[in-house]
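Hi,

Here is the structure I promised to pass on, with my notes underneath. Have it open while you read, and write back with any questions.

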Amino acid sequence: MPTEGQVRMEIGTGGFLARCVRASGHKDIGTLYLALAVLAGLVGGGLALMLQLGQARPMSGPWDRVAIDHGAMMVMFCALPALVGGFGSWFVPLLLGAPSMAFPRLNLLCWAGVTASFLMLLSGVPSGAGSSLPQWATLLWCAAMLGLSINMVATVLNMRRAGLSLSGMPLFVWAQALTAMMMVIVLPVLAAALTKGLLSGAGLRDVDLALRAFSGPEVALLLLPASGIVCQVIETFSGVPLRLRWVALGAMAVMSVGGATVWTHDMFAAGLAAAAGTRPMVEQAAVMVPMLALLMAWGSTIAGGRLALRVPMLWACAFVGLLVVGPVLSALSGAADGHAVALPAALFATFAGFYYWIGKMSGHACPEAGGRLHIALAATGTLLCLVPHQPVFALLGAALLGLSMLTFVAVVVVTLRRGTQALGGNYWGAGARTLEWSLPSPAPRHSFTDFPAYEVRA
């Protein structure tokens, strides 16, 4: 574990980029992860629009490649980096009362690895070689995200302020820690499959099979950190502590362990024997049953409080609604594909976190009207894309999702250019109870400079 001197190396002077290169401040690196996620989301959104246009034509081969690249962009470089690298790096130390992540420079190195992997993939997207996903890029991504996961677990276990027990941590922190533990189990398996393919000279088909296998644990990897954000938002805007907290925490733990075992349910198209048909149902139940328990905890909290429908809460409600309605629409299409629901649900939770914490990150209030327009376009577009057997609806939905992303970019620009508008430390009121709301807005670059008392040892 780091010494007190290593943690204090983060404290320095200079501009944003200079601070990132010199010291790896957890807020700066979290912001870099979020910026990368926005860029990857725009690229992935463009690929999604191409995919919808391609499905209206009798061309299958090239569009299968576009679908794989779209999934890689949205899952590997948009959703997970935002949920874990962005919000995790930004707010886990704040909620723990820690001065930084456990290994600050590792945090910067992992962001650089994810960014390099993104650039490697991006360089192949416009080429005429079929938009292949390079094996080396995926291996680099695995190594970077594995380092981020180890750093997150070390931070949660060793960097808590004095008096904060594991049981007393906010559920957002628990979700981040459980997601990191799950990635420590899952990512080496994916990396081993890719390494075997490289050594044997396997082609793209074997790489695609490895990624299809990874799409099993991917569902839990997306929903688990997303659920942590939704817990924070629902607790704040219901005005009461989360009901059935231990049920929710147990559900997250089961999802983390069970999600790491879901390796086969997406492999039937690759020739998996039909005799193993009961195993995929058991594996998917390991993810879906915990989600039902979380839905029960969220519903109980909303019912027991006084709901305030601010923009972050609207996104959280959209997340919950999509988890209820999405599987029904997916089943009506005959596919019953959990990924069609998990990815947009994770993005809804990401936007909930953005609107919830943007004032704490920037010190500027977010335009309420812009946020409401954003969620209206995104929710409508997502539902239209899920309507079965309606290509026209899917194309219209993709167009609305594109407009929603442009609206989001406009919201970000307006928010960051609002100047020095005063924003209180706890601008959400009494429902916001976690430690970051005791700090000014924007949060000071060195929010907590005291090293945890029980960590200072020879």
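H7 and H9 run roughly parallel to each other, because the angle between them is about 15° and anything under 35 degrees counts as roughly parallel. Their axes are 9 Å apart, and H7 passes H9 in a right-handed crossing. On the H7 side (the helix spans residues 171-200), the contact is made by Leu171, Trp174, Ala175, Leu178 and Met182. H9, which covers residues 245-259, brings Arg245, Ala248, Leu249, Met252, Ala253, Met255, Ser256 and Gly259. Sorted by class, that gives ten nonpolar, two polar and one charged residues.

Before I go on: please keep in mind that this is a predicted model, so treat everything here as computed from it.

H7 has another partner in H6 (residues 135-158). This pair packs at an angle of about 150°, with the axes 8 Å apart. H6 and H7 are therefore roughly antiparallel, since the cut-off for that label is over 145 degrees. The crossing of H6 over H7 is left-handed. In the contact between H6 and H7 there are 22 nonpolar and six polar residues, and no charged ones.

Some whole-chain numbers, in case you want the overall picture. The protein chain has 14 helices and zero strands. Of its 458 residues, 55% count as buried. Among contacts with a separation of 6 or more, 82% are between residues 24 or more positions apart.

Next, the charged pairs. How many salt bridges does the structure hold? There are two, and Glu368 takes part in both. As a reminder, side chains of opposite charge can pair when their charged atoms come close.

One bridge joins the side chains of Arg310 and Glu368, at 3.6 Å from N to O. This pair links distant parts of the chain, 58 residues apart: Arg310 is in the loop between H10 (278-304) and H11 (311-332), while Glu368 belongs to H13 (residues 368-386).

The other bridge is between Glu368 and Arg372, at 3.2 Å from N to O. Here both residues lie in H13, four residues apart, or about one turn of the helix. Through shared partners, the salt bridges join Arg310, Glu368 and Arg372 into one network.

Are these three side chains buried or exposed? They fall in between, because partly exposed means a relative accessible area from 20% to 50%. Arg310 has a relative accessible area of 35%, Glu368 has 26% and Arg372 has 36%.

H13 also packs against H14 (residues 391-416), at an angle of about 160° and with the axes 7 Å apart. That makes H13 roughly antiparallel to H14, and H13 passes H14 in a left-handed crossing. The H13 residues that meet H14 include Gly370, Gly371, Leu373, His374 and Leu377. Among those on the H14 side are Phe393, Ala394, Leu396, Gly397 and Ala398. By class, the contact of H13 with H14 has 14 nonpolar, nine polar and no charged residues.

That's what I have for now.

Cheers

How values were computed: Residues numbered from 1 in each chain as written. Predicted model: local features only at pLDDT ≥ 70, side-chain atom pairs only at ≥ 80, totals over all residues. Heavy atoms only, no water. Axes fitted to C-alpha atoms, helices over the stretch in contact; angles between N-to-C directions. Helix = DSSP H or I, 4+ residues; strand = E, 2+ residues; numbered from the N terminus. Parallel < 35°, antiparallel > 145°, perpendicular 65-115°, else oblique. Left-handed = near helix turned anticlockwise from the far one by under 90°. Nonpolar A, V, L, I, M, F, W, Y, C, P; charged D, E, K, R; others polar. Contact = heavy atoms within 4.5 Å. Salt bridge = Lys/Arg side-chain N within 4 Å of Asp/Glu carboxyl O. Buried < 20%, exposed > 50% of the residue type's maximum accessible area, 1.4 Å probe, protein only.
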